[in-house]
Amino acid sequence: MKTVLITGASRGIGAGCAALFAERGWRVLANYNSSAEAAEALRQKTGCALYRADVADSAQVLAMRNAIEADGLFPDVLINNAGRALFGLFQDIKPEDARAMYDVNLFGTLNCCRAFLPGMISRKGGCIINISSVWGEVGASCEADYSAAKAAVIGLTKALAKEAGFCGVRVNCIAPGIIDTDMNASLSAEDISAIVDEIPMERLGTPRDVAEAAWFLASDAASYITGATVDVNGGWT
Ligand code: NAP
């Protein structure tokens, strides 16, 4: 049975990935941070194993890896999904708020790659899927720091793909467009309608849409794909 570790799996896209991989017979290790109740509900629904850690804290990530290994488990696939939004004019953003966002979206991804890539390299196989964003590709007004963090994740993906490919480890990225999750809960109905007007597929994305792309990248069908960024945005950009 193959094993996937998904960070930020308590809600949204991460929970969607956990449900899909579990349905298709994988052992799912679900990381969460603050949403213990949602994580427990996911465990009851999917049979996943839960591991709490703040991915921004490298010590907690290493402790999570040690706990997973102590359970005799070694992820074949790591999905770096944990993330948070940060909206506002660049000059109005408080440095500490920007730092907290980079700590999760960029350093959280780095921390998990550092913790789990060596094991994949020594086992001569594995797959990392980083969740970036359309904004990491094209930039967003009022989300400059978020766009920068997500662009860095794309750069990291390309570089690690080059470094780890010869060991049979693939590293890819998904760049979602607007996905219907808590992250967009502050958007008004008018905002959503205006966005949908710009999307050729005429709807928001769902966590399942992103999970299907992750499923493909994790599968043997994608065995010659590495360093890629897959857009899941309904043709938006
Ligand atoms: P969401 O519904 O707000 O869920 C965020 C998830 O990340 C939660 O499970 C949360 O866990 C987890 N998380 C946050 N900080 C964490 C930390 N320090 N350590 C561990 N887990 C942490 O967001 P989402 O829309 O599913 O977003 C998932 C990913 O997709 C993010 O990287 C986001 O940037 C990216 N993305 C989203 C969209 C979109 O439109 N929704 C578009 C492009 C990219 P707890 O609640 O347990 O803390």
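A polar contact is a pair of N or O atoms within 3.5 Å. In this predicted model, a backbone N or O atom of Asn-81 meets that criterion, lying 2.8 Å from an oxygen atom of the ligand. The ligand itself occupies the largest pocket. This briefing covers the ligand site and then the surroundings of Asn-172.

**Ligand site**
- The ligand is surrounded by 31 residues, of which Ser-34, Ser-35, Asp-54, Tyr-146 and Thr-181 come nearest.
- At least two residues of the shell around the ligand are supplied by each of α1 (12-23), β2 (27-32) and α7 (144-164).

**Backbone contacts to ligand oxygen**
- A polar backbone atom of Ile-13 is placed 2.8 Å from an oxygen atom of the ligand.
- For Gly-177, the separation between a polar backbone atom and an oxygen atom of the ligand is 3.4 Å.
- The ligand taken alone exposes 890 Å², and the protein buries 95% of that area.

**Asn-172 and its surroundings**
- Asn-172 belongs to strand β6, which spans residues 169-176.
- Asn-172 counts as buried because its relative accessibility is 0%, and the cut-off for buried is under 20%.
- The side chain of Asn-172 has a polar atom 3.1 Å from the backbone nitrogen of Gly-227, and this side chain also reaches the backbone nitrogen of Ala-228 at 2.9 Å.
- Apart from neighbours within four places in sequence, the residues in contact with Asn-172 include Ile-128, Ile-129, Asn-130, Thr-157 and Leu-217.
- Ile-225, Thr-226, Gly-227 and Ala-228 are also among the contacts of Asn-172.

Definitions and conventions. Residues numbered from 1 in each chain as written. Predicted model: local features only at pLDDT ≥ 70, side-chain atom pairs only at ≥ 80, totals over all residues. Heavy atoms only, no water. Helix = DSSP H or I, 4+ residues; strand = E, 2+ residues; numbered from the N terminus. Buried < 20%, exposed > 50% of the residue type's maximum accessible area, 1.4 Å probe, protein only. Polar contact = N/O pair within 3.5 Å; in protein donor to acceptor, adjacent residues only side chain to side chain. Contact = heavy atoms within 4.5 Å. Near = heavy atom within 4 Å. Areas by Shrake-Rupley, 256 points an atom, 1.4 Å probe, with all protein chains shown as cover. 1 Å grid on protein atoms, 1.4 Å probe; cavity = no way out; pocket = protein on both sides within 12 Å on 5 of 7 lines; lining within 4 Å. Sits in = over half its atoms within 2 Å of the grid points.
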